[in-house]
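Notebook open, coffee poured. I want to go through this one residue by residue and write down what I find.

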Number of protein chains: 2
Amino acid sequence: MVYNVHHRYSESTMTSSERRPDTGGLVWFDEPAPPRATEQLSRERIVAAAMELADDQVPGEITMRALAARLGVRSPMALYRYVGSKDGLVDLMTDQVYGQITVPRGDGWRAALQGLGRTSWEAVQRHLWFARLAFSRPPMGPNALHLYDAALAELEPLGLDAATRMGFVKTVLGHVLGSGLALLEEHTMRARVGLHSDSDLHAAVAPYLERIAAAGEHPHFIGWATDPQRLAPEPQSFEQVLEWLLDGLATLLPPEDRSPA
Amino acid sequence: MVYNVHHRYSESTMTSSERRPDTGGLVWFDEPAPPRATEQLSRERIVAAAMELADDQVPGEITMRALAARLGVRSPMALYRYVGSKDGLVDLMTDQVYGQITVPRGDGWRAALQGLGRTSWEAVQRHLWFARLAFSRPPMGPNALHLYDAALAELEPLGLDAATRMGFVKTVLGHVLGSGLALLEEHTMRARVGLHSDSDLHAAVAPYLERIAAAGEHPHFIGWATDPQRLAPEPQSFEQVLEWLLDGLATLLPPEDRSPA
DNA sequence: TAGCGGTGGTGTACGTTGTACACCATGAGT
DNA sequence: ACTCATGGTGTACAACGTACACCACCGCTA
């Protein structure tokens with residue numbers, strides 16, 4: 001797949017077989033296939049297995065072959081009866097995670113965006129690969145649309161123009177996905193370097209850092225890298241930054257709309 | 001490459017030929033090869049060509065074959081005399097961009113981080129692919145280290161602990177890279193949909209949206225999607241959000257250290 | 001009950017990717 | 001003039017997504 005270069009709306013129209021009508025790359029409009037009793041595969045089973053497979057190893061990359069094997073099917077081509085393309089499958093996985101995010105309704109814009117931030121952060125931590133995928137495709141699945149719709153609905157009373165309204169939501173989600181991507185990278189790096197403890201990780205780069213330290217270069221960076229406190233929890237936690245962003249967004253509102261906390 | 005699954009510190013040690021000693025995946029320690037007068041390739045030429053190639057098409061994906069062709073060389077393997085692996089080459093490209101970022105010195109922490117944010121944002125806009133690559137590998141090249149060192153040096157007088165110090169820098173760079181990735185995705189989507197104007201883009205998703213609108217679903221989202229104002233510049237610009245983040249970071253400092261503006 | 005057609009999994013195959021390996025042409029040093 | 005490292009070439013392979021032909025089987029109608 002490689003950053004979904006193959007996924008163009010124009011040409012994915014003709015990728016799937018004509019028995020099951022395709023929907024132009026926008027996979028979410030297929031009605032469920034007329035089920036036969038004996039089928040061992042289904043779109044739901046495939047998506048669920050793909051998500052488990054992505055959860056299992058750290059970068060969250062899946063291959064159609066590995067997925068077919070996990071589903072007990074010998075040919076990867078069997079999956080193409082149900083999903084049209086790997087990119088379409090990834091769209092479905094992504095939207096499934098969007099479905100795990102909720103927006104609190106009726107408690108005002110700040111509570112809505114706070115809840116959006118918190119629940120999406122939890123979803124990202126459950127499925128680290130989601131951060132990467134959500135960044136690289138437009139949020140157009142039914143669950144994503146439902147989510148955006150709920151968030152925009154809560155912003156409606158503020159009377160903001162369209163661009164600003166969506167900007168509020170994107171500010172929050174951008175923070176979530178950015179933090180998630182950084183987290184994913186940290187995990188990936190740990191998986192690359194044999195084992196996962198902090199001391200293992202430190203030992204892997206130690207010779208490189210020593211060489212720099214010996215040359216007397218970058219003293220402030222070396223000072224950080226050799227400080228045992230460097231792994232302490234930072235005050236700039238996800239939640240703290242989210243609050244800063246919400247405070248910033250609040251400054252765009254008339255004073256009477258800025259909720260107290 | 002595919003999100004550099006192949007790039008493990010342990011095994012990239014043996015990827016390059018033994019004529020040019022490799023440095024364990026950390027490519028930045030090769031001294032320049034003893035030059036011969038007649039060589040048509042060099043590490044510098046390769047990295048420069050790779051950056052131009054990545055700048056040329058939107059997702060910024062390069063292949064060794066395309067790069068070899070651009071350099072007028074028939075075999076992609078010629079490049080492996082100079083770079084060890086594609087992942088190592090990408091490390092070099094990434095660090096080259098880090099070299100375009102500067103940190104103002106001597107004007108205090110806020111000016112330093114502001115300058116860091118501004119210049120890195122400019123670099124990201126020049127080389128959109130940088131946002132993707134910087135997210136997926138640790139910043140360990142000489143230019144990256146120099147940059148982190150300079151930023152940390154400017155934070156030194158604040159007397160913060162190590163984790164918080166680095167957190168200040170990462171907060172800014174996280175915002176830059178997150179915004180850059182969103183920008184890259186927008187450009188990629190435009191490139192997928194035939195041409196690049198806003199109306200083209202809108203026309204591409206219009207039938208899908210109409211179907212949703214006709215079903216009466218997601219009215220608030222549809223309201224945004226059909227609002228001609230939705231493309232207006234948002235108040236949550238990159239610079240504005242950066243200011244919010246700096247304001248937030250300032251709250252972690254004793255009052256006398258928060259600079260006025 | 002015989003046959004027929006569509007459904008769903010199989011097997012093979014192709015193009016593209018990164019890159020290992022053997023090969024050889026050339027120019028510098030003895 | 002012989003040697004030999006240097007640097008570009010060509011071939012080859014594994015893994016990927018996926019197109020295509022194939023066939024086993026089930027439910028239907030005759």
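**A charge without a partner.** I began with R230(A), which is buried and yet has no salt bridge. I looked for the nearest side chain of opposite charge and got D227(A), 6.7 Å away. The cut-off for a salt bridge is 4 Å, so D227(A) at 6.7 Å does not qualify. Note to self: this is a predicted model, and I read every value here with that in mind.

**Where R230(A) sits.** I placed R230(A) in the loop between α10 and α11 (238-250) of chain A. Then I listed what R230(A) touches, leaving out residues up to four places away in sequence: H202(A), W224(A) and A225(A) from chain A, plus A162(B) and A163(B) from chain B.

**The salt bridge across the chains.** How many salt bridges are there between chain A and chain B? I count one. D227(B) forms a salt bridge with R165(A), and their closest N and O atoms are 4.0 Å apart.

**The interface as a whole.** Next I pulled the totals. Chain A puts 64 residues in contact with 64 residues of chain B. The two chains bury about 6300 Å² between them, and 70% of that is on carbon and sulfur atoms.

**How the copies are related.** I superposed chain A on chain B: the rotation is 180 degrees, with 0.0 Å of shift along its axis and an RMSD of 0.0 Å. That is the relation of a two-fold axis. The same surface serves both copies, as 100% of the contact residues of chain A recur in chain B.

**Aromatic pairs.** I then turned to the rings and counted ten aromatic pairs over all chains. One of them is Y98(A) with F130(A), edge-to-face, at 5.1 Å centre to centre and 85 degrees between the planes. Y98(A) lies in helix α4 (residues 86-98) and F130(A) in helix α6 (residues 129-135), both of chain A, so the pair ties together parts that are 32 residues apart in sequence. Are these rings buried or exposed? Y98(A) has 6% relative accessibility and counts as buried; F130(A), at 2%, counts as buried too.

Another pair, F221(A) with Y148(B), is also edge-to-face, with 6.4 Å centre to centre and 75 degrees between the planes. This pair crosses between chains, from helix α10 (residues 219-225) of chain A to helix α7 (residues 142-155) of chain B. Both F221(A) and Y148(B) are buried.

Last entry: ring pairs link Y148(A), F221(B) and W224(B) into a cluster.

Terms used. Residues numbered from 1 in each chain as written. Chains lettered and ligands numbered in written order. Predicted model: local features only at pLDDT ≥ 70, side-chain atom pairs only at ≥ 80, totals over all residues. Heavy atoms only, no water. Phe/Tyr/Trp six-rings, centres within 6.5 Å; stacked < 30°, edge-to-face > 60°. Helix = DSSP H or I, 4+ residues; strand = E, 2+ residues; numbered from the N terminus. Buried < 20%, exposed > 50% of the residue type's maximum accessible area, 1.4 Å probe, protein only. Least-squares fit on C-alpha atoms with pLDDT ≥ 70 in both. Contact = heavy atoms within 4.5 Å. Lys, Arg positive; Asp, Glu negative; His and termini not counted. Buried area = accessible area lost by both parts, 1.4 Å probe.
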